Structures are given as C-alpha cells and as structure tokens.
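User: Please take a close look at one part of this model, namely the packing of its helices, and then relate that part to the empty spaces in the structure.

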Amino acid sequence: MNKGYRLKSGIFPSVNDAVLSALGAYNQYAKLNLNERREVIEVIKRRLLANVEEIANMVVEETGMGNVHDKITKLVLSINKTPGIEDLITEVKTGDNGMTLYELSSYGVICAIHPCTNPCATLISNTIGMLAAGNAIVHCPHPRAIEVSKYVTEIISRSIVEICGIDNLVVTLNESSMASTSEIMSHPDISMIVTTGGINVLRRAMISGKKVIGAGPANPTVIVDETANLEKAARDIVNGASFDNNVMCISEKSIVAVSSIADRLIEELIKNDVYYVSSDEEMLRLTVATVTNDMTINKALEGKSTNEILSAAGIQCDRKIKLIVVDTIKQHPFATLEMLMPLIPLIRVENFEKSLETALEIEQGFKHTAIIHSQSIERLNIAAKEMQTSVFVKNGASLVGIGVNGEGDTSFTIATATGEGTTTARHFTRRRRCSLTSGFSIR
C-alpha cells in the first residue's frame with residue numbers, strides 16, 4: 001500500500017485504503033512468532049502508559065463525559081490487566097489412536113467498533129487482545145471520540161513500526177460515521193466484527209454475514225438483603241456507581257433493598273457522600289432534568305457530575321457529592337432506563353425473594369451485570385443462577401467484575417449478545433483441530 005494514501009501513521013481517509021493496508025500488514029504480522037508478538041504488545045503498553053494523563057484529559061474534553069481521575073484508572077487498568085499471549089491456551093487429547101491438538105489461530109482483519117463512554121480504554125484493551133491473537137485491526141471510534149481515538153491509534157501504529165517494522169497493523173479512519181462503519185463491516189477483507197456500544201450498530205453487525213462478537217445493552221442492578229454488611233455495601237455501591245460519573249456499562253444503575261434495612265443502608269450511603277432524595281418535588285425536578293418527553297435520557301447530562309445534574313434540576317447542595325440516590329418505585333424511568341449518570345434509584349421490597357424478582361425485572365433480560373450484598377451463601381448462589389448475567393459480583397463493587405481491586409482479567413467488551421462474556425485474546429481467534437494418528441501418547 002502506498003503510504004501517500006494515509007494522513008498519519010495508521011490514519012486513512014477512505015475505508016478501502018484502511019482495510020487493504022491492514023490486510024497487507026496482517027500478512028506480515030502472521031510471520032512473527034509468539035515471543036515477537038509479546039514484544040510488540042509490551043512496547044505498545046510502555047508508549048501508552050507514558051501518555052495516559054494526556055489521553056484521559058483528551059477523552060473528557062472531547063466527549064464531555066466522566067472525569068480525568070477515573071479515566072486514568074480505566075486506561076491504566078486496560079493497559080496493565082488486559083491479558084495477552086498468555087491467554088492463548090492449547091488443548092491436547094492423547095490416546096491409543098494418537099494425538100489431537102486444539103490450537104487458537106488468528107482470524108485476520110478485525111473491525112472493532114467502540115462506544116463514546118469508554119472510547120480509549122475499550123480501544124486499548126481490544127487492541128492488546130486482538131494483536132495477541134495475531135490479528136490486524138480497523139478501529140471504528142464513536143464520532144464523539146474520534147480525535148482522541150486517532151491519537152491513540154497513531155501511538156499504537158508508530159510503536160509497532162518501531163519494534164518490528166510492520167506499518168498499518170492497527171488503523172482507523174480520519175472521520176467517523178455510521179456510513180463508514182457499515183462500509184467497513186461489509187468489506188470483503190474484514191473477517192470479524194467486534195462491537196461495543198449501541199444496539200443499532202450491533203443489529204447491523206449481526207446481519208453482516210461475518211463472525212460477530214457483540215456487546216449488548218445493560219442495566220445493572222444491585223441487591224442488598226437484611227444479612228448484608230451495610231457499611232461495606234454502601235461504600236461499594238458508591239464506589240461503583242459514581243466511578244467515571246456512571247458511564248461504565250457494568251456500574252450499578254439501581255439498588256433493590258429489603259425494606260427492613262433500607263433506612264440503615266441510606267444512612268450509610270449518606271456517609272459516603274450521597275445526596276439522598278425522598279421528596280416528590282426533588283424527584284420530579286430530577287426527572288424533568290434528566291429524562292426527555294420521549295422517555296430517553298437527556299444526552300446533555302450523560303456522564304456529567306452530580307453537581308451539574310443537581311444544578312440542572314434547580315437543587316441546591318453545598319456539600320461534596322459523589323452520587324444521587326432517589327427513593328422511588330421500580331416503574332420509574334430512573335430504574336427502567338440505563339441513565340449513564342451518577343444518579344440511581346433505590347427500590348424497597350419486602351424480602352429477598354421479592355428483591356430477586358424485582359432485580360430481574362429491572363435488568364430486563366440483558367444478562368449483562370448484576371451485584372448482590374448478602375452474607376447468605378444460599379442466597380448468593382440462588383441470585384447468581386437466576387440472574388444469569390455475564391458479570392455477577394458478590395459482596396463487592398461492580399468494578400470488581402472487570403478486575404478493579406479484584407481477581408480476573410480486564411475486558412471492556414462484555415459480549416452479552418453473542419455469549420462470550422468478558423472477552424480476551426482467545427475470543428479473537430479461530431479454534432483449530434489438528435490430529436495425528438499413532439504415537440505421542442506416553443501414558
């Protein structure tokens with residue numbers, strides 16, 4: 001590919017130039033061994049870590065969502081805890097008739113579609129996993145995060161050239177639109193589509209005829225029963241629901257609390273810098289400010305701080321606030337919509353059985369994320385089985401589900417629609433079977 005057709009390293013003006021350049025780079029990358037892939041990823045990580053603060057500031061400035069401190073946390077998490085080559089596990093079966101290997105091989109050129117809520121953390125995490133799997137990538141950023149996404153892509157592209165001389169292994173377009181994304185998805189040289197974000201682009205991907213890994217919508221709820229450690233539950237809920245102004249798809253979006261402990265839970269929430277709303281007047285003000293007439297969230301307040309939301313609702317608050325909690329019913333838009341704001345409802349229920357029933361209703365069958373605080377092992381197991389979510393957190397903040405202060409790998413693409421769950425390098429591969437007759441069994 002003639003480099004004159006690109007604008008900067010990894011940045012192209014047209015779909016065909018981008019995809020064909022990535023395909024040429026993929027053919028070169030396929031010749032590298034696993035240790036060489038590992039070296040490529042390590043160089044990318046070092047370059048990105050050196051620019052984390054700048055990237056975080058750019059994300060907040062361009063998208064108008066979240067806060068720099070939490071963006072930095074997400075970026076560092078995606079760089080340091082996304083698994084690489086080590087995630088590619090070989091299976092082997094041996095017996096009297098020989099040996100069969102199951103190996104994970106690259107797919108080809110992947111179209112990776114990213115949301116505006118976690119644009120760069122998702123881009124970086126997916127890049128690490130996809131490169132570890134041996135693929136090339138064409139990134140499709142959200143239009144609200146195009147500039148910072150191009151900046152990160154250029155850092156990655158230059159890093160790859162520096163370590164192995166392969167140019168345009170990770171690319172993107174100079175401008176982002178649904179039309180260009182659709183063109184990339186349908187391009188004959190795209191082998192896989194990985195979509196993280198809105199339902200509309202997921203639907204388009206699903207009819208593409210390609211291999212699709214798709215993250216669907218979410219509305220995570222947290223159950224708190226009468227056996228829970230309320231001090232810890234309140235602290236965890238606030239940490240999870242307030243993180244990056246609640247734009248994370250896994251963050252707590254509602255609380256379902258057993259009535260006998262609801263007031264004590266509220267007391268603990270207030271101690272953790274929560275603005276608690278119980279009056280109909282303030283609830284109405286917040287509803288008018290944050291929910292439109294056609295029952296969608298007010299995009300102008302998406303990912304904004306609690307102070308900005310309270311101000312928009314005409315509510316005066318003179319103390320530091322991390323989260324707004326509104327005492328309401330399960331039918332309220334605060335419960336039924338994924339608000340993507342540091343504002344969540346608290347719904348009171350009679351008992352654990354009712355809390356589980358209510359949580360299932362609020363989660364709406366998305367099977368994305370759910371959280372429970374309880375000291376009953378039986379209830380923890382029942383809830384996990386009934387909710388059937390891709391991420392289920394017991395007695396912790398939602399963030400534990402992607403590796404923040406918890407065990408397990410980090411992933412920002414939680415594939416609920418296609419069933420992979422938290423995706424890592426192995427999901428971006430083909431599982432191939434290689435059989436050898438006779439021998440190689442030493443049992």
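Analyst: This answer describes a predicted model. The axes of α9 and helix α10, which spans residues 259–271, come within 8 Å and cross at roughly 55°. An angle of this kind falls neither under 35 degrees nor in the range from 65 to 115, nor over 145; α9 and α10 are therefore oblique to each other. The crossing in which α9 passes α10 is right-handed.

Helix α9 also leads to one of the open spaces. Together with α12 (306–312), α9 (230–242) gives two or more residues to the lining of the second largest pocket. This pocket holds about 180 Å³ of space. Its lining includes Asn-239 and Ser-242, and also Thr-306 and Asn-307. The other lining residues are Asp-70, Asn-245, Ser-305, Lys-320, Ile-321, Lys-322 and Pro-342. By class, the lining of the second largest pocket has two nonpolar, six polar and three charged residues.

A second pair of helices can be described in the manner of the first. In general, two packed helices are described by the angle between their axes and the distance between the axes. Helix α2 (residues 34–49) packs against helix α5 (residues 119–132) at an angle of about 165°, and their axes are 9 Å apart. Angles over 145 degrees count as roughly antiparallel, and α2 and α5 are therefore roughly antiparallel to each other. Their crossing is right-handed.

A third pair consists of α3 and helix α6, the latter formed by residues 146–164. The angle between α3 and α6 is about 160°, with the axes 8 Å apart. That angle makes α3 roughly antiparallel to α6. Here α3 passes α6 in a left-handed crossing.

Two of the helices just described, α3 and α5, return in the account of the enclosed spaces. Rolling a probe the size of a water molecule over the atoms shows where empty space is left. The count comes to three cavities of 30 Å³ or more. The largest cavity has a volume of about 60 Å³. The elements that give two or more residues to its lining are α3 (52–63), α4 (68–81) and α5. Among the residues that line the largest cavity are Ala-56 and Val-59, Lys-71, Lys-74 and Leu-75, and Pro-119, Cys-120 and Ala-121. Thr-117 and Asn-118 also belong to this lining. In terms of class, the residues lining the largest cavity divide into six nonpolar, two polar and two charged.

The largest pocket remains to be described. About 1100 Å³ of space lies in the largest pocket. It is lined by 45 residues, and those closest to its centre are Gly-197, Gly-198, Ile-199, Lys-299 and Leu-340. Helices α7 (178–186) and α8 (199–206) each supply at least two residues of this lining. The largest share, four residues, comes from α8. The lining of the largest pocket comprises 23 nonpolar, 18 polar and four charged residues.

Finally, these parts may be set against the annotation. According to an unreviewed UniProt entry, the annotation "domain: Aldehyde dehydrogenase" covers residues 15–397. In the model, the end C-alpha atoms of residues 15–397 lie 41 Å apart. This span is 46% helix and 19% strand.

Technical notes. Residues numbered from 1 in each chain as written. Predicted model: local features only at pLDDT ≥ 70, side-chain atom pairs only at ≥ 80, totals over all residues. Heavy atoms only, no water. UniProt positions renumbered as here; feature names shortened; annotations may be inferred. 1 Å grid on protein atoms, 1.4 Å probe; cavity = no way out; pocket = protein on both sides within 12 Å on 5 of 7 lines; lining within 4 Å. Points joined across faces, edges and corners; volume = space filled by probe spheres on them. Nonpolar A, V, L, I, M, F, W, Y, C, P; charged D, E, K, R; others polar. Axes fitted to C-alpha atoms, helices over the stretch in contact; angles between N-to-C directions. Left-handed = near helix turned anticlockwise from the far one by under 90°.
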